[in-house]
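Me: Could you take me through some local features of this structure, residue by residue and helix by helix?

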Amino acid sequence: MNQLALLIPENSSLKKYSKSIRVLGIDLGTTNSAVAEIVWENNEHSPINIQCLEVAQHTPDGEYSHVLVPSILALYEGQVIIGEGAKRLRSRASELNLKPNQNLFYECKNDIGIMRTYHMAPENFRSAAEIGGHLLEFLHQSAVDKDDTPASRVVVTVPASFQAAQRHDTLKAAELAQLHLTGGDLLDEPIAAFIDYLITYRETFIKESTEPKSLIVFDFGGGTCDVAIFRLQMPNRSRRLKISPLAVSRYHRLGGGDIDAAIVYDVLIPQLIKENELSNFDLSFEDKKKFLEPPMLGIAEALKVGLCTEILQLQKFGKYDSANKSQILKQQPGTFSYKIKNRTLNLQAPKLTALQFEEILKPFLDPDLVFARETEYRMTCSIFAPLQDALDRSGLTTKQIDYCLLVGGSSLIPQVVQAVGKYFPKAKLMTYSDRNLVQTAIARGAAYHALVLALYGKGMVQPVCHDAISIRAESGLLELIPKGADLPYPSDGSYAKCFSLAVPETTNYSVDLRVEIVGGDEERKLFSQIWQISGPVRKGDKLCLEYRYDENQVLDLKMRLADADDLEEPFVAKIENPLTNVVNPQSRRLKIDEIEEDLRNKKYPAYRVPDKLVELAENYVELGQREKAIDYLKKALQGKNGVDASILNKLGIYFGEIGDYDREEKFYKEAAGASPSWSTPWFNLALAQKKRKRYSEAIESLEKAFSIRREGPYLILAAQVADACHKTIDRDRYLKEAFEAFGSVSSLDDWELGWILAGARLGGKNDLIEQIQLEQKRRKDRRELVIERGVLPIITPGMQKVSE
């Protein structure tokens, strides 16, 4: 089949060109990037000649040329170094004083579209969009250096699940690189991969596709895991494949870089600690994150790739499953030195065994625990999270998938291939014949798409609304955009108008109308906001809702009283990617990002900085990231000249929670010394000593607490210590005094309630136990009770949709 005929969109005609045209496709990846080129003669019967360009990359060891360009930028000795050279410099980061987001930038694609800045970096290198601009400029200039023929069209790829803000920042990066793109020049990466596979294996694939088929594209790259599902159909009287997108997964911050980070923290740093005879607590968060992680990532990646090659070879001969996994290993020869402040640590010939690798992969390949788990050092999320998410959105089951296309460098991991194959029992797994083809597929697909845009003015794949979008009314849902509708909706990009909603009540005062948008049959809430309509209004007053949903999945809403004059303030909302939401970030994480960004930009006066650092620490503890919290508390302590009992006490708590008991006791004692009239540090120290069964010391600490304050929880702890020492008379005396010291159960806070429950159980007071548990349940129920504010509109007969 002619390649061009396969790509022709429906109802389109070929543009006229007087000469050959040149187009470029750029895969701006998290870990690696690539640029592909097509030069096409002005003839429908001409073959499409495509190639991924080899890009010259300056390194400290001389020139290096490859089709893959590491997405790394370093500022070193007055030069901007991009690609392999920057990657090699990263391996010597501590030695060369290269610091992440200051003069060394990698995985910046993960920051695109958020308000994060690199405040320590020089001008023009202070955001992910600016770093992306330098990378795009480097790739484009490499193509110009090979051939200065202007490109008729340039297409840049993005994850299918990118939000509107992320797409906007990608367009901004292109603009900084002097590439003038429109929204149509951004192509979703799974679609690009499928287009390339379709062209590369067109004859075989089309023979198998005479009946409607379901295809899932699993794009597991360096920084994101993108999944898209398509319906494929080859009509009997045509040789052109019809493609209908069914669903894309939500954004999942998950990639091979996370596996590399796991190797660094679970294998390489423990090897370094052992070889240098350190304890597990000798290296701080900053030591690991700033001085060890950057140079170790390259080693981790090399070990991973090398070990995967070895495993693949053994699998081909059926020798892997029965082998001793601890004996299958990849070793990186040489001694690696890491300068951390005033000392140098050495790592001799780091290695990774298949046994260690399989243990690291377990959470990434878990089909049951699919939620994201984050530590201060790395993110872990199962690859089945985006897979199941896309399936849920499409309404398909794993057994209804006919084809599964694996692309992206991380899809080459043998265990990943096996896990995905097992997950889709009836699907044919499709991949490429060699590693480079897999890793450059997206760039080639982008180039094919660029050619189609240049020749026909529109792309091969029509974007659609994956789920129905409705507005909630008092009596049910009113559908606005049907499932499967072509985007933009309406097709001409104007607003649709709906007059089927009305005010639900009569009043002389204002009405709080709840505008709630939901998606799909499960009615999941996509958006909810209150519109205050000024009174007086009557029940049944008609509302005019105007809306549109563009090809970049941005839903615009405008609502007003149908008979109101133009001076009345309308309700206006813009909902970015309502059906494709970010999974990993949560409200606490967003709050952390906001405070950190404000600290970087010096938005707080100096006297408030320590308190903000403490707030950050508390938020990180809620995420389970105690080592990072400790790092922030130490900085807060420096800001307060080291004398703050509250911070010292928190440090004691957090050190205890990570198992560093010596420092736990040290900081409790420092806190007690900093504030002699405060009993809490002595109580915490007694509790820590009791947990370690150092009962006589716990009693001494409690006596010091009692000399300041004698209250219920302290007495319960004393009773527990006495019970552990088999001193029943002392135990009962402490319990009696404790129950007298506590007020009524309803007057106690949650902390006190926990301690009196422990005392009641120790004293066998069943009636009190029941009373406490009822109070705890009452508080839990009260916290879970959520009352939606505002009233919903009512539906009136007759729905109209007209274009403006």
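The questions and answers below deal with helix packing, single residues and backbone geometry.

Me: What kind of model is this, and how are residues numbered in it?
Reply: Side-chain values use heavy atoms, with hydrogens and water left out, and residues are numbered from 1 along each chain as its sequence is written. Local features need pLDDT of at least 70 and side-chain atom pairs count only at pLDDT 80 or more, while totals for chains, interfaces and linings use all residues, since this is a predicted model.

Me: At what angle do the axes of α21 and α23 cross, and with which hand?
Reply: Helices (DSSP runs of H or I, at least four residues) and strands (E, at least two) are numbered from the N terminus, and axes are lines fitted to C-alpha atoms, for helices over the stretch in contact, with angles from 0 to 180 degrees between N-to-C directions. The axes of α21 (residues 712-724) and α23 (residues 750-763) come within 9 Å and cross at roughly 35 degrees. A crossing is left-handed if the near helix is turned anticlockwise from the far one by less than a right angle, and right-handed if clockwise; for α21 and α23 the crossing is left-handed.

Me: Which residues of α23 meet α21?
Reply: Contact means heavy atoms within 4.5 Å. From α21, the residues taking part are Pro 713, Ile 716, Leu 717, Ala 719, Gln 720 and Asp 723, and their partners in α23 are Trp 751, Glu 752, Trp 755, Ala 758, Gly 759 and Leu 762.

Me: Where is Asn 103, and which residue offers a backbone oxygen to a polar atom of its side chain?
Reply: Asn 103 sits in the loop between α3 (93-96) and β9 (104-106), and is buried at a relative accessible area of 16%, where buried means under 20%, exposed over 50% and partly exposed in between (1.4 Å probe, protein chains only). Not counting residues up to four places away in sequence, Asn 103 touches Leu 73, Ala 74, Leu 75, Asn 97 and Leu 98. A polar atom of the Asn 103 side chain lies 3.3 Å from a backbone oxygen, that of Asn 97.

Me: How far is Leu 391 in space from Ile 229, C-alpha to C-alpha?
Reply: Leu 391 belongs to helix α11 (residues 384-394) and is buried, with a relative accessible area of 1%. Among the residues that Leu 391 touches are Ile 229, Tyr 423 and Phe 424. Although 162 residues separate Leu 391 and Ile 229 in sequence, their C-alpha atoms are apart in space by 7.7 Å.

Me: Is Asn 124 buried, exposed or partly exposed?
Reply: Asn 124 lies in the loop between β9 and α4 (128-146), and has a positive phi of about 75 degrees although it is not a glycine. With a relative accessibility of 45%, Asn 124 counts as partly exposed.

Me: Is Gln 178 buried or exposed?
Reply: Gln 178 is placed in the loop between α5 (164-176) and β11 (186-188), and its phi is near 65 degrees, a positive value in a residue other than glycine. At 56% relative accessibility, Gln 178 counts as exposed.

Me: What is omega for the peptide bond from Gly 535 to Pro 536?
Reply: Pro 536 is found in the loop between β27 (524-533) and β28 (542-549). The peptide bond from Gly 535 to Pro 536 is cis, with omega near 0 degrees.

Definitions and conventions: A polar contact is a pair of N or O atoms within 3.5 Å; within protein, one must be able to donate a hydrogen and the other to accept it, and residues adjacent in sequence count only if both atoms are side-chain atoms.
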